[in-house]
Amino acid sequence: MTPAGLTPDSFKEAMCRYASGVTLITVHDADGAPVGMTATAFSSVSSEPPLVLICVHGATRTYERVLRSGYFGVNLLGVDAGPIAEHCSRPGGSKVLPPDWLIDAPQWTAPAVAGSLAFVDCETYRHFPAGTHHVIVGRVRGIGLGPAPDPGPLVHYQRGYQALHPLQETTRMPFTAPLTSNGSVR
């Protein structure tokens with residue numbers, strides 16, 4: 001490993017080496033149209049109560065819409081959802097979701113994308129600034145599960161979308177912990 005200076009570019013380069021699942025954050029705009037924003041900064045927080053978090057740039061329309069509405073949805077995208085992720089990842093572009101991309105689900109507040117691996121419908125629970133972004137914690141109010149077996153997740157890695165493939169048995173490497181001279185694990 002080569003040391004790199006701590007610059008915005010080196011930080012971004014380090015972060016692009018972390019594979020992350022791709023989600024679509026959904027909400028309605030002021031006119032009631034369903035809109036989405038592609039995001040990888042998503043995590044579960046707690047199962048009791050059920051909480052998740054998303055990180056959204058503070059200058060985006062999505063951030064404003066989530067705060068205004070008090071709700072958002074998180075669609076966990078499958079490998080076949082690349083076109084949806086691309087459509088909603090362009091800064092400044094229209095991110096209105098066409099009706100044929102959505103499912104009719106009046107039990108949820110946020111728009112749910114057809115074909116998602118899973119969907120969580122959330123009300124805004126807490127939010128706070130963190131640098132250029134805001135961490136938004138959502139309390140889960142509804143869950144949708146896609147059909148099984150699913151096609152696998154859409155993954156973002158090295159600044160592009162990827163498919164996740166299981167390791168073949170012959171390529172798995174055994175873990176060997178470094179030992180001290182007396183045989184204990186370091």
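**Note on helix H2, a surface patch and the salt bridges**

1. The buried residues of helix H2 are covered by, among others, strands E2 (23–28), E3 (34–39), E5 (50–57), E6 (71–76), E7 (118–130) and E8 (133–145). Helices (H or I, at least four residues) and strands (E, at least two) are DSSP runs, numbered from the N terminus.

2. This is a predicted model, in which local features need pLDDT of at least 70 and side-chain atom pairs count only at pLDDT 80 or more, while totals for chains, interfaces and linings use all residues. Residues are numbered from 1 along each chain as its sequence is written, and side-chain values use heavy atoms, with hydrogens and water left out.

3. In H2 (residues 61–69), the buried residues (under 20% relative accessible area, 1.4 Å probe, protein chains only) are Thr-62, Tyr-63, Arg-65 and Val-66. Seen down the axis of H2, these residues fall within an arc of 165°, so they line one face of the helix; the arc is that of the directions from the helix axis to the C-beta atoms. Just after H2, Gly-70 takes a positive phi of about 80°.

4. A salt bridge, defined as a side-chain nitrogen of Lys or Arg within 4 Å of a carboxyl oxygen of Asp or Glu, joins Arg-159 to Glu-13, with the closest N and O atoms 3.0 Å apart. This pair links distant parts of the chain, since Arg-159 lies in the loop between strands E9 (154–157) and E10 (160–163) and Glu-13 in helix H1, 146 residues apart.

5. Glu-123 forms a salt bridge with Arg-141, the closest N and O atoms being 2.5 Å apart.

Note on methods:
Buried means under 20% relative accessible area, exposed over 50%, partly exposed in between (1.4 Å probe, protein chains only). Contact means heavy atoms within 4.5 Å.
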